[in-house]
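Biologist: I have a fold open on my screen and would like to learn how to read it. Could you walk me through it?

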Amino acid sequence: MRVEAHYGSDTGMYLVDVFLETEQERALTGRALWDAVRTELDKHNVALADVVDCFLKVPDGAGGWKSAGLLLW
């Protein structure tokens with residue numbers, strides 16, 4: 001799993017892209033997914049309270065990424 005946190009200087013908050021790189025990561029749901037995302041955010045010193053939205057991304061099969069929706073609060 002990889003996260004990219006994009007800081008919005010106008011809002012003072014982050015939009016986060018969560019890249020689910022493996023089948024195991026894509027199988028995570030609920031609490032397990034949130035725990036994994038929080039761990040990654042901690043590595044970037046991003047507090048969950050400073051996040052507006054988390055966008056889930058999965059491989060598109062052609063070397064890129066496609067949307068898998070939002071990580072719901």
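Modeller: We'll go through the strands, then the charged pairs. Keep in mind that this is a predicted model.

Biologist: Fine. How many bridges join strand 1 to strand 2, and do they run parallel or antiparallel?

Modeller: Seven bridges hold strand 1 (residues 2-8) to strand 2 (residues 13-19), and the two run antiparallel. To get your bearings, find Ala5 and look across: Val16 in strand 2 stands opposite.

Biologist: What sits between the two strands?

Modeller: Four residues, so to speak the bend of a hairpin made by strand 1 and strand 2. Look at Gly12 in that turn, with its positive phi of about 75 degrees.

Biologist: And the side chains on a strand, how do I read those?

Modeller: In a regular strand, side chains alternate between the two faces of the sheet.

Biologist: On to charges. What's the general idea?

Modeller: Side chains of opposite charge can pair when their charged atoms come close. This structure holds six salt bridges.

Biologist: Which residue does Glu21 form a salt bridge with?

Modeller: With Arg2, and the closest N and O atoms are 3.5 Å apart. That pair links distant parts of the chain: Glu21 is in the loop between strand 2 and helix 1 (23-26), while Arg2 is in strand 1, 19 residues apart. Glu4 joins in too, as Arg2, Glu4 and Glu21 are linked in a network of salt bridges.

Biologist: Are Glu21 and Arg2 buried, exposed or partly exposed?

Modeller: Glu21 counts as partly exposed because its relative accessibility is 36%, and Arg2, at 29%, also counts as partly exposed.

Biologist: What about pairs within a helix?

Modeller: Try Arg31 and Asp35, a salt bridge whose closest N and O atoms are 3.5 Å apart. They are four residues apart in helix 2, so about one helical turn separates them. Arg31 is exposed at 62% relative accessibility, whereas Asp35 is partly exposed at 32%.

Biologist: Which residue does Glu40 form a salt bridge with?

Modeller: Lys43, with the closest N and O atoms 3.0 Å apart. Glu40 lies in helix 2 (residues 30-43), and because the two are three residues apart in that helix, about one helical turn separates them.

Biologist: Why does Glu40 count as buried?

Modeller: Because its relative accessibility is 14%, and buried means under 20%. Lys43, on the other hand, counts as exposed at 58%.

Biologist: And what does Glu40 touch, not counting residues up to four places away in sequence?

Modeller: Leaving out those sequence neighbours, Glu40 touches Met1 and Val3.

How values were computed
Residues numbered from 1 in each chain as written. Predicted model: local features only at pLDDT ≥ 70, side-chain atom pairs only at ≥ 80, totals over all residues. Heavy atoms only, no water. Pairing = 2+ DSSP bridges. Contact = heavy atoms within 4.5 Å. Salt bridge = Lys/Arg side-chain N within 4 Å of Asp/Glu carboxyl O. Buried < 20%, exposed > 50% of the residue type's maximum accessible area, 1.4 Å probe, protein only.
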